[in-house]
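Colleague: Please take one charged pair in this model and look at it closely with me. Then carry on from there to whatever else helps to build the picture.

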Amino acid sequence: MLNKNLVEVEKNIAAACKRAGRSAEEVTLIAVSKTKPVSDILEIYKEGQRAFGENKVQEMLKKQAASPGDIKWHLIGHLQTNKVKSIIGKTELVHSVDSQRLAETISKEALKQGAVVNCLIEVNVAQEESKFGVSVDETLPLIRAAANLPGLRICGLMTIAPFVENPEENRAVFRQLRQLSVDIAGQNIDNVSMKVLSMGMTNDYIVAVEEGSTHVRVGTAIFGERMYSI
Ligand SMILES: *Cc1c(COP(=O)(O)O)cnc(C)c1O
């Protein structure tokens, strides 16, 4: 069942790439497995899926310990500074750096452990109060400050677009993030690359790919609805 969902999402990504004149290899599908059991992860691992996303540190580490070692784990949720030391060396990419303080903590812990942590800056493009992330205006100053920190590499930008009925409503948000990444790339800041654009979830990944996303984070469309215990 999950395999069928995976194939469907891959097909949609390929079709969106074609419409946008992009190669499907430019887009990494991150299967967001939060709240789902390891058995679900293994089911699509068998079909070749290797990138998985989790939003909680403890949950990620627990599943990681019970899963094949060649899975690439993406930390996509808000990261608290007191959890930073446990994720060093455990993630392919941290998608959610949203403050100078967090960047400094990552740098400090990475140095201690002799590692480099690949990071994205989370941008709250739509300025929703309920969401984490820096504003569009704060993004370049944060990147300039974080660029000088050892043990941390800025690889691009991430956004969580608003929940909307019609995904077309988020096209402008994705365009804005892409334009911001182009503008920042044009500044040629040392140690900063803008290769990664993490945008698009179940509801809007097709539009995000049309607008240049390199990493889509898809949960529900692959694993089904999430059940949260209260
Ligand atoms: C849960 C989550 C996703 C996946 O959401 P779906 O709508 O289920 O695809 C993507 N990104 C982040 C940051 C998330 O927390």
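**A charged pair on a helix, and beyond**

Modeller: Glu109 is buried, with a relative accessible area of 8%. Please keep in mind that this is a predicted model. The partner of Glu109 is Lys112: the two form a salt bridge, and their closest N and O atoms are 3.3 Å apart. Unlike Glu109, which counts as buried because its 8% is under the 20% cut-off, Lys112 is exposed, at 60% relative accessible area. The two residues are 3 apart in helix H4 (residues 100-112), so about one helical turn separates them. An α-helix has 3.6 residues a turn, so residues three or four places apart point the same way.

That pair has company, as the structure holds 11 salt bridges. Another one joins the side chains of Glu26 and Arg22, at 3.1 Å from N to O. Here the acid is the partly exposed partner, with 40% relative accessibility for Glu26, while Arg22 is buried at 15%. In the salt bridge between Glu128 and Lys131 the N to O distance is 2.5 Å. Glu128 is partly exposed at 22%, and Lys131 is partly exposed at 23%. There is also a network of salt bridges, which links Arg19, Glu168, Arg171, Arg175, Glu210 and Glu211.

Just before Glu128 in the numbering comes a backbone detail worth a glance. Gln127 is not a glycine, yet its phi is positive, at about 55°. Gln127 sits in the loop between strand E5 (117-122) and helix H5 (136-147), and is exposed at 63% relative accessible area. Thr35 is another non-glycine residue with a positive phi, near 70°. The loop between E1 and H2 holds Thr35, which is partly exposed at 33%.

From there we can turn to the pockets. The residue before Thr35, Lys34, is among those nearest the centre of the largest pocket, together with Ile160, Met201, Arg217 and Arg226. This pocket encloses about 560 Å³ of space. Its lining of 25 residues splits into 11 nonpolar, 7 polar and 7 charged. The second largest pocket holds about 320 Å³. Val27, Thr28, Leu29, Ala51 and His215 come closest to its centre, out of 20 lining residues. Helix H1 (2-19), strand E1 (28-32), strand E3 (72-75) and strand E7 (192-198) each give at least two residues to that lining. By class, the lining of the second largest pocket has 9 nonpolar, 6 polar and 5 charged residues.

Strand E3 brings us to a final helix, since E3 is among the elements that cover the buried residues of H3, along with helix H2 (38-45) and strand E2 (51-54). Which residues of helix H3 (residues 57-65) are buried? They are Val57, Met60, Lys63 and Gln64. These four lie on the same side of H3, because the arc they cover around the axis is only 140°. The face turned away from that buried side carries the exposed residues Gln58, Lys62 and Ala65.

How values were computed:
Residues are numbered from 1 along each chain as its sequence is written. This is a predicted model: local features need pLDDT of at least 70, side-chain atom pairs count only at pLDDT 80 or more; totals for chains, interfaces and linings use all residues. Side-chain values use heavy atoms; hydrogens and water are left out. A salt bridge is a side-chain nitrogen of Lys or Arg within 4 Å of a carboxyl oxygen of Asp or Glu. Buried means under 20% relative accessible area, exposed over 50%, partly exposed in between (1.4 Å probe, protein chains only). On a 1 Å grid over the protein atoms alone, a cavity is a set of points where a 1.4 Å probe fits but cannot get out, and a pocket is an open set with protein on both sides within 12 Å along at least five of seven lines; lining residues have an atom within 4 Å of a point. Grid points are joined across faces, edges and corners, and a volume is the space filled by probe spheres set on the points. Ala, Val, Leu, Ile, Met, Phe, Trp, Tyr, Cys and Pro count as nonpolar, Asp, Glu, Lys and Arg as charged, and the others, Gly among them, as polar. The arc is that of the directions from the helix axis to the C-beta atoms. Contact means heavy atoms within 4.5 Å.
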